[in-house]
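Visitor: Hello! Could you walk me through this structure, one step at a time?

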Amino acid sequence: MLYLIGGAPRAGKSILGQQLATQLQLSWISTDLLVQVLKAKDVAGAPTQWDASPAAITKKAEWFFPCLERFVWGAQSLADGYIIEGVDFLPGQVVQLATHYPLRSIFLGCEKMTLDRFDRFPGRSRGYAALPEEMRRQFAQDVPRWSTFVRQETTRFGVPYLDMSDNFQARLQEAIVLITGDGCS
């Protein structure tokens with residue numbers, strides 16, 4: 001089984017991926033790493049600037065999708081299960097992949113992100129804490145917009161979505177139950 005965890009930046013995807021990997025004893029990868037490899041290889045069309053508009057999110061996801069599709073094929077071919085998390089794919093693409101591969105998915109958002117929350121909860125991506133204040137403010141402003149767009153797309157394609165804004169630990173457990181289908185977790 002493949003597990004895809006998508007959604008907005010700073011919503012808890014990496015934490016969920018790590019906890020799920022431990023619980024299911026599976027490997028996991030962030031699409032952030034895959035995108036960095038593609039950028040290092042100077043793959044044409046690689047996004048170079050932060051842009052949280054729905055059009056830019058969609059464009060980046062469309063650019064990345066062939067790479068994700070190949071990675072999913074490889075992971076499914078070589079492993080009994082794998083967890084892939086990141087911001088670089090959308091619900092419609094997960095639905096498309098599900099026609100060819102056994103997978104479960106969930107998308108996370110944080111529609112109540114603030115600069116204070118951004119600074120207080122650095123998450124697993126250590127680089128966020130060192131960003132200049134202007135960039136941290138931009139992230140804090142853009143994460144709710146990104147989250148809203150992802151929520152709308154999950155509704156459109158019938159894919160699970162959780163807003164992680166309140167009671168993060170409880171939402172994390174809820175996400176594990178939703179993606180594993182295990183009501184006993």
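Visitor: At about what angle does helix 6 run to strand 5?

Guide: Good place to start, and keep in mind that this is a predicted model. Helix 6 lies across three strands, namely strand 1, strand 4 and strand 5. Angles here run from 0 to 180 degrees between N-to-C directions. For helix 6 and strand 5, the angle is about 150°.

Visitor: And which strands does helix 3 lie across?

Guide: Helix 3 runs at about 160° to one of its strands, strand 3. The full set that helix 3 lies across is strand 1, strand 2 and strand 3.

Visitor: In what order do the strands of the sheet come?

Guide: The sheet is open, has five strands, and its pairing is parallel. Its edges are strand 2 (27-30) and strand 5 (161-163), each of which pairs on one side only. Reading across, the order is 2-3-1-4-5.

Visitor: Which residue in strand 3 stands opposite Gly-6?

Guide: Let's look at strand 1 and strand 3, which pair in the parallel sense over five bridges. Opposite Gly-6, in strand 3, you will find Gly-86.

Visitor: Where is the kink in helix 3?

Guide: Helix 3 has 25 residues, and its first and last C-alpha are 34 Å apart, close to the expected 36 Å. Even so, there is a bend of about 45° along the way. The kink comes shortly before the proline Pro-66, at Phe-65.

Visitor: Which elements do the buried residues of helix 3 pack against?

Guide: The buried residues of this helix include Ala-56, Trp-63, Phe-64, Leu-68 and Val-72. Here, buried means under 20% relative accessible area. Their packing partners are strand 1, helix 2, strand 3, helix 4 and helix 6.

Visitor: Which element gives the largest share of the largest nonpolar core?

Guide: In soluble globular proteins, nonpolar side chains tend to be buried together. The largest nonpolar core here has 41 residues, and Leu-2, Phe-64 and Leu-68 are among those with the most contacts inside it. Several elements give two or more residues to this core, including strand 1, helix 4 and helix 6. The largest share, nine residues, comes from helix 3.

Visitor: How many residues are in the other core?

Guide: This other core lies apart from the largest one, and Tyr-3, Leu-20, Ile-106 and Leu-162 are among its members. Its residue count is 16.

Visitor: Leaving aside neighbours within four places in sequence, which residues is Leu-68 in contact with?

Guide: Leu-68 is one of the buried residues of helix 3. Contact here means heavy atoms within 4.5 Å. With those sequence neighbours set aside, the partners of Leu-68 are Ile-84, Phe-89 and Leu-97.

Methods
Residues numbered from 1 in each chain as written. Predicted model: local features only at pLDDT ≥ 70, side-chain atom pairs only at ≥ 80, totals over all residues. Heavy atoms only, no water. Core = buried A, V, L, I, M, F, W, Y, C linked by side-chain atoms within 4.5 Å. Buried < 20%, exposed > 50% of the residue type's maximum accessible area, 1.4 Å probe, protein only. Helix = DSSP H or I, 4+ residues; strand = E, 2+ residues; numbered from the N terminus. Expected span 1.5 Å × (residues − 1). Bend = angle between axes of the 7 residues up to and from the residue. Pairing = 2+ DSSP bridges.
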